[in-house]
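Thanks, everyone, for making the time; I would like to walk through one chain this morning, beginning in the middle of a sheet and working outwards. Please have the sequence and the model open while I talk.

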Amino acid sequence: MKKILLLLSACVCLAACNKCKYTVNGTVGEGVSIGDSVYLQYIEEGRVYTLARDAVKNGVFSFTGENCEPRLCYIVSIINNRPRSKAELFLEPGDININIGDKHSTLAGTFLNTRLQEYNDSIFLIEQMFKTFYEKSKRKKLSVKGAEEADKGMKVLSIVRKDYLNRFLEKNIDNPLCSYILTNNYEYIDPKDGIEIISRMPQENKCDTTIRHIEHTFRNRILTAEGLCFTDFDAYSNDGKRVKLSDYVGKGKITVLNIWGSNGRNAQSDVAEFKALADTYKDKVEFVSFAIDKDTTAWNDAIKKYEMWWNNISDMQGWNSKALFSYGINSFPYNIIFDAYGTILHKGINVENVYSALDEALK
């Protein structure tokens with residue numbers, strides 16, 4: 001009897017282990033060479049953890065192990081302490097097949113990875129089409145009709161992307177893909193749609209710290225939508241004085257608030273574009289630049305270097321700034337136009353379009 005019980009117990013354990021077992025079979029493209037080490041890793045609380053390592057042999061590699069709950073992971077090749085290529089996948093029970101290409105990787109095999117590949121293929125196609133219209137819009141000597149067609153194409157594709165994201169999130173509302181795609185694409189989602197999606201997510205997902213932050217961002221974007229009165233915030237001027245946004249906005253002049261960072265990759269060109277705008281309308285419009293900075297010295301040095309003569313403010317909190325959060329801003333450069341009374345006329349408008357917006361507002 002004891003032998004039978006032990007045998008049954010062993011069978012149950014074996015079945016449980018097989019239920020959680022995964023196998024990752026991979027092939028490599030130009031991004032990884034034969035003999036390179038390939039790592040299966042995941043990130044948790046900002047730290048990188050390695051689950052397994054293998055060397056590429058005859059263009060292939062593999063990983064096996066046990067993982068009952070899906071986990072977002074990355075396959076990375078590291079040469080001379082530097083990542084050469086990176087591909088993402090969901091580590092879940094079953095056979096996972098991945099081909100790591102130099103620019104585009106493909107996934108197949110398990111439920112979440114098949115869905116992730118479906119998403120990647122669709123977004124890749126939309127982005128390639130958008131890129132074609134964008135490059136066309138930047139051509140020299142482009143006709144008026146050509147410019148209108150390029151602009152219309154980009155607008156249509158932006159709507160297509162937003163619609164696809166909403167449908168994909170609805171389709172995956174009850175699995176980890178919803179949180180993952182939402183986290184990486186909430187900039188493209190209408191705030192009201194985003195709040196509705198989050199409200200129907202499983203409780204454990206909607207209570208995640210990142211998802212809660214995104215939900216608050218959506219709500220703040222609704223509160224600071226075009227047509228509503230501005231939201232005030234505290235900051236410091238570059239000469240150290242405590243100021244508020246209300247010191248500049250709603251004082252009888254149209255105001256342009258520019259979000260930038262002195263350590264941004266394109267800081268010099270971004271400031272040059274905004275400076276040209278400010279120089280053009282300096283007698284009719286109030287200009288304010290808010291810096292996403294933490295280093296006061298670097299900020300002031302940049303103001304001098306770029307000859308930023310207009311109002312410069314910051315709270316030196318970097319991306320943790322309450323000012324940015326209150327307007328739902330997560331990228332820069334970013335511009336907001338307020339009318340003479342403090343009503344938000346435009347949000348997220350690029351410098352090129354600010355000119356026509358100001359001309360219309362100043363009529």
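Let me begin with a single pair of residues: Ser289 has Asn312, in strand 13, as its bridge partner. Strand 12, residues 285–291, and strand 13, residues 311–314, run parallel and are joined by 3 bridges. When I say that two strands pair, I mean that DSSP finds at least two bridges between them, and the helices (H or I, at least four residues) and strands (E, at least two) are DSSP runs numbered from the N terminus. Helix 8, residues 267–281, packs on this sheet and touches strand 11 (254–260), strand 12 and strand 14 (334–338), with a direction at about 160 degrees to that of strand 12. Contact here means heavy atoms within 4.5 Å, and the axes are lines fitted to C-alpha atoms, for helices over the stretch in contact, with angles running from 0 to 180 degrees between N-to-C directions.

Before going further, a word on provenance. This is a predicted model, in which local features need pLDDT of at least 70 and side-chain atom pairs count only at pLDDT 80 or more, while totals for chains, interfaces and linings use all residues. Residues are numbered from 1 along each chain as its sequence is written, and side-chain values use heavy atoms, with hydrogens and water left out.

As for confidence, pLDDT is the predictor's confidence in each residue, from 0 to 100; the chain has a mean of 88, and 91% of its residues reach 70 or more. Over residues 5–17, however, the pLDDT is below 50, and this stretch has 1 contact in the model beyond near neighbours in sequence. Where pLDDT is low, the predicted coordinates should not be read in detail.

Back to the sheet that we started from. It is open, with 7 strands in the order 10-9-13-12-11-14-15 and mixed pairing. Its edge strands are strand 10 (242–244) and strand 15 (344–347), each of which pairs on one side only, and the twist averages 30 degrees from one strand to the next.

At the strand 15 edge, strand 14 and strand 15 run antiparallel and are joined by 3 bridges, with Ile336 standing opposite Lys347 in strand 15. The hairpin of these two strands has 5 residues between them, and there Gly342 takes a positive phi near 100 degrees.

Is Leu345, in that edge strand, buried or exposed? Neither, strictly: Leu345 counts as partly exposed because its relative accessibility is 28%, where buried means under 20% relative accessible area, exposed over 50% and partly exposed in between, with a 1.4 Å probe and protein chains only. Leaving aside neighbours within four places in sequence, Leu345 is in contact with Glu226, Ile337, Phe338, Asp339 and Ala361. Of these, Glu226 is 119 residues from Leu345 in sequence, yet the two are 5.4 Å apart in space, C-alpha to C-alpha.

Now to the other open sheet on my list, in which 4 strands follow the order 4-1-7-8, again with mixed pairing. Strand 4 (60–66) and strand 8 (106–108) stand at the edges with a single partner strand each, so one side of each is left without a neighbour in the sheet. The twist here averages 15 degrees from one strand to the next.

Strand 1, residues 21–28, pairs with strand 4 in the antiparallel sense over 7 bridges, and with strand 7 in the parallel sense, also over 7 bridges. Towards strand 4, Thr27 has Val60 as its bridge partner and Tyr22 stands opposite Gly65, while towards strand 7 Val24 stands opposite Ile96. Helix 2, residues 111–137, lies across strand 7 (94–100) and strand 8, running at about 145 degrees to strand 8.

Val24 also leads us to the interior. A nonpolar core is a set of buried Ala, Val, Leu, Ile, Met, Phe, Trp, Tyr and Cys residues joined through side-chain atoms within 4.5 Å; the largest has 45 residues, of which Val24, Leu40, Ile75 and Leu182 touch the most other members. A second, separate core of 25 residues includes Ile254, Val256, Phe287 and Ile303.

To close with the whole chain, there are 11 helices and 15 strands, and 44% of the 363 residues count as buried. The C-alpha atoms fill a box of roughly 95 × 50 × 40 Å, taken along the principal axes.
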